[in-house]
Amino acid sequence: MYVIASRGKETPTEGLRLLGWWPIGIVEIIKPTFLTTILFAGPLFEKGIAEGGWRDWIQGKRVTEVLGGWIGWRNFIAGPITEEIVFRSCVIPLHLLAKISPTRIVFYTPLYFGIAHIHHFYEYTLTHPHTPLLPALARSLFQFVYTSIFGFYAAFIYLRTGSLFAVIISHSFCNWCGLPRLWGRITVEAGVPLGPSTERKDDGEGKGVKQRVQVADGRLGVGWTVAYYLFLLGGAVGFWWGLWGLTDSSRALASFDLVKGAAKG
C-alpha cells in the first residue's frame with residue numbers, strides 16, 4: 001500500500017482498488033466462481049453423481065472433517081489466501097503501475113507463482129528418497145506447468161474483475177477439485193452406495209426401506225465414463241464461451257484492448 005501511494009501517486013481508495021480489497025463486488029465474486037464451476041463440470045459429475053457425494057455436499061458433512069486437519073486448512077483456506085495476496089494482490093498492481101500491458105501481466109506474473117512451487121521437488125526427494133531423480137524432476141516440472149496455467153487464469157480474473165476475493169475462492173475450489181481425469185474409466189471405492197434409492201429391502205417389520213445400489217468391485221458401467229467425458233468436454237466448451245462474459249466488470253483493473261493494450265486508471 002505504501003509503494004502504491006508513494007510511487008504510484010494513488011489515493012488510499014485507489015490503492016485498495018488496485019490491491020483488489022475494495023470495493024467488495026458480490027457479482028464480481030459470483031460470476032468467476034460460476035465460470036470455474038463450469039470448467040470442472042466433469043470432476044463435479046464424478047465426485048457428486050458417480051460417487052454419490054452430492055448428499056454430503058448438501059448436508060455439509062465433510063466440511064468439518066476436511067478443515068479439521070492442518071492439511072485441509074492449508075490447501076483450502078491458508079494457502080489460497082496467502083498465495084493470492086502475494087502473487088495477485090501484491091505483484092500485479094506493481095506491474096500495472098509500471099505500465100506493463102495486461103496481456104503480458106497475465107502471462108508473466110504466473111511464472112513467479114509457478115517457480116514458488118518448485119520447492120516441492122526438494123520435499124518430494126525427502127519423503128521419497130528411493131525415487132529416481134528423473135521422475136522426481138518430471139513430477140516437479142508438471143507441477144510447475146499446471147500451477148502456472150492456473151496463475152494465467154487467476155491473473156486474468158483479477159485484472160478483469162478487480163476482486164481478490166474472486167481469485168481466492170477460485171483457487172480454493174480448484175485445490176478441492178484437483179486435476180481432472182483426462183483418461184481411463186471412472187471408478188469408485190468398492191461397496192460405495194451409488195445413484196438414487198431404487199431398491200427396497202425388508203427392515204424386519206414388514207416395511208420396505210429404500211437403499212441405493214452398491215457396486216461390489218468398484219467398477220462402474222462404461223456409460224458413466226462416457227457421461228463423465230461428455231461433461232468434461234461440455235465444461236471446457238462452456239468455459240471458453242463464458243470466459244469473457246462471466247469476467248466482465250465495470251471494476252476491471254485493466255482493459256484487454258488488442259490495439260492499445262493499456263491499463264485503465
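Which residues lie nearest the centre of the largest pocket? Here are some notes on that and on other features, as numbered points.

1. **The largest pocket.** The residues nearest its centre are Y146, T147, F150, N175 and L179, out of 42 residues that line the largest pocket. Its volume is about 1,500 Å³. Helices α7 (70-97), α9 (119-127), α10, α11 (164-177) and α12 each give at least two residues to this lining. The largest share comes from α10, with eleven residues.

2. **How far to trust the model.** Please keep in mind that this is a predicted model. The average pLDDT of the protein is 84, and 82% of the residues score at least 70. Residues 258-265 stay under a pLDDT of 50, and for this stretch the model has 17 contacts beyond four places in sequence. Where pLDDT is low, the predicted coordinates should not be read in detail.

3. **Overall layout.** The secondary structure consists of twelve helices and two strands. Along the sequence the pattern runs α-α-α-α-α-α-α-α-α-α-α-β-β-α, with both strands placed between α11 and α12 in that order. Of the 265 residues in the protein, 37% are buried. Among contacts with a separation of 6 or more, 72% are between residues 24 or more positions apart.

4. **A tilted ring pair between α8 and α10.** The structure holds twelve aromatic pairs. One of them joins F107 and F152, a tilted pair with 5.4 Å from centre to centre and 55 degrees between the planes. Because F107 belongs to helix α8 (residues 102-115) and F152 to helix α10 (residues 133-161), the pair ties together parts that are 45 residues apart in sequence. F107 is partly exposed, at a relative accessible area of 48%. F152 also counts as partly exposed, its relative accessibility being 23%.

5. **An edge-to-face pair between α10 and α12.** The ring centres of Y153 and F239 are 5.3 Å apart with planes at 65 degrees, so this pair is edge-to-face. Y153 sits in helix α10 and F239 in helix α12 (residues 222-242), so parts that are 86 residues apart in sequence are tied together by the pair. Both Y153 and F239 are buried.

6. **A ring cluster with a lysine over one face.** Ring pairs link F40, W57, F173 and W176 into a cluster. W176 has a further partner to look at: K47 lies over the face of its ring, 4.5 Å from the ring centre.

7. **The cavity.** How many cavities of 30 Å³ or more does a search of the whole structure find? The search finds one. The volume of the largest cavity is about 30 Å³. Its lining is made up of R17, W22, P23, T161, G162 and R251.

8. **The stretch from α2 to α3.** Two of the cavity-lining residues, W22 and P23, are joined by a cis peptide bond, with omega near 0 degrees. P23 is in the loop between α2 (12-19) and α3 (26-39). Just after α2, G20 takes a positive phi of about 80 degrees. Within α2, the buried residues include E14, G15, R17, L18 and L19, and R17 also belongs to the cavity lining.

9. **A buried glutamate in α3.** Is E28 buried or exposed? E28, which is found in helix α3, is buried, with a relative accessible area of 11%. Leaving out residues up to four places away in sequence, E28 touches T161, S163, A166, S249 and R251. T161 and R251 appear in the cavity lining as well. E28 and I157 are 129 residues apart in sequence, yet their C-alpha atoms are 9.2 Å apart in space.

10. **A positive phi at K99.** K99 is a residue other than glycine with a positive phi, near 65 degrees. Its place is the loop between α7 and α8. With a relative accessibility of 71%, K99 counts as exposed.

Definitions and conventions. Residues are numbered from 1 along each chain as its sequence is written. This is a predicted model: local features need pLDDT of at least 70, side-chain atom pairs count only at pLDDT 80 or more; totals for chains, interfaces and linings use all residues. Side-chain values use heavy atoms; hydrogens and water are left out. pLDDT is the predictor's confidence in each residue, from 0 to 100. Contact means heavy atoms within 4.5 Å. Rings of Phe, Tyr and Trp (its six-membered ring) pair if their centres lie within 6.5 Å; planes under 30 degrees apart count as stacked, over 60 as edge-to-face and the rest as tilted. Helices (H or I, at least four residues) and strands (E, at least two) are DSSP runs, numbered from the N terminus. Buried means under 20% relative accessible area, exposed over 50%, partly exposed in between (1.4 Å probe, protein chains only). A charge sits over a ring if NZ of Lys or CZ of Arg is within 6 Å of the ring centre and within 35 degrees of the ring normal. On a 1 Å grid over the protein atoms alone, a cavity is a set of points where a 1.4 Å probe fits but cannot get out, and a pocket is an open set with protein on both sides within 12 Å along at least five of seven lines; lining residues have an atom within 4 Å of a point. Grid points are joined across faces, edges and corners, and a volume is the space filled by probe spheres set on the points.
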